[in-house]
Amino acid sequence: ECLDHEKLKKIQRIQRYTEENKQIDSQIKNSLVNQSISQLDKRRSIDISTQSNYEHSKQIQRSNRFSDIKIVDNQIDKQIVKSIDKQTNSNSQLVDKIHNDKN
């Protein structure tokens, strides 16, 4: 009788430990799942940030290209103005010469 009682206590202890181990396993699994989800969220956030940085970089490149084009356009405009000034000056001299020749 006493032996049966001891066996029963052991069995109950084993069952209790088994149940506790199951709960601990479940907690560990939940923790791992939550960590994985957290890591995925972080990674997704990094991907979004990287994409945003890439888009921003492309905008800056476009802006720089546009600025370069404007600079070149300005230089061309200046050359055209110089050329027109020269031509105007030359025409003016010619008109003066014709006037002088007439007189």
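This report walks through a predicted model of one protein chain, from its overall form down to a few residues.

## Overall form

Start with the fold, which is quick to describe: the protein chain has 1 helix and 0 strands. That helix, H1, takes in residues 2–102. Along its principal axes, the C-alpha trace spans about 150 × 10 × 5 Å.

The radius of gyration tells a similar story. For the protein chain it comes to 44 Å, whereas a compact globule of 103 residues would be near 13 Å. To get a feel for distances along the chain, take Ile 24 and Asn 91: they sit 67 residues apart in sequence, and their C-alpha atoms are 99 Å apart in space.

## Surface and burial

How much of the protein chain counts as buried? Of its 103 residues, 0% do. The chain exposes about 10,100 Å², and 52% of that comes from carbon and sulfur atoms.

Ile 24 is a handy example from helix H1. Its relative accessibility is 42%, so it counts as partly exposed; the buried class would need a value under 20%.

## Charges

On the charge side, the protein chain carries 19 positive and 15 negative side chains. The centres of those two sets lie 2 Å apart.

Which residues make up the positive surface patch? Lys 9, Lys 10, Arg 13 and Arg 16 do. One of them, Lys 10, belongs to helix H1 and has a relative accessible area of 49%, which makes it partly exposed. Lys 10 falls short of the exposed class because that label takes over 50%.

## The salt bridge

Side chains of opposite charge can pair when their charged atoms come close. In this model there is 1 salt bridge, and the partners are Asp 41 and Arg 44, with an N to O distance of 3.0 Å. That value is inside the 4 Å cut-off, so the pair qualifies.

Where do the two partners sit? Both Asp 41 and Arg 44 are in helix H1, 3 residues apart, or about one turn of the helix. Neither side of the pair is tucked away: Asp 41 has 41% relative accessibility and counts as partly exposed, and Arg 44, with a relative accessible area of 48%, is partly exposed too.

## A nonpolar patch

Further along the chain there's a nonpolar patch on the surface, formed by Val 72, Ile 76, Ile 80 and Ile 84. Together these four residues offer about 330 Å² of accessible area.

Ile 80, one of the patch members, lies in helix H1. Is Ile 80 buried or partly exposed? With 43% relative accessibility, Ile 80 counts as partly exposed. That value is also over the 30% needed for a patch residue, so Ile 80 meets that part of the rule.

Conventions. Residues are numbered from 1 along each chain as its sequence is written. This is a predicted model: local features need pLDDT of at least 70, side-chain atom pairs count only at pLDDT 80 or more; totals for chains, interfaces and linings use all residues. Side-chain values use heavy atoms; hydrogens and water are left out. Helices (H or I, at least four residues) and strands (E, at least two) are DSSP runs, numbered from the N terminus. Buried means under 20% relative accessible area, exposed over 50%, partly exposed in between (1.4 Å probe, protein chains only). Patches are made of residues with over 30% relative accessible area and no salt bridge: like charges are joined within 9 Å, nonpolar side chains (Val, Leu, Ile, Met, Phe, Trp, Tyr) within 5 Å. Accessible areas come from the Shrake-Rupley method with a 1.4 Å probe; for residues, only the protein chains shown count as cover. A salt bridge is a side-chain nitrogen of Lys or Arg within 4 Å of a carboxyl oxygen of Asp or Glu. Lys and Arg count as positive and Asp and Glu as negative; His and the chain ends are not counted. The place of a charge is taken as NZ of Lys, CZ of Arg, CG of Asp or CD of Glu. The radius of gyration is taken over C-alpha atoms; the globule rule is 2.2 Å times the number of residues to the power 0.38.
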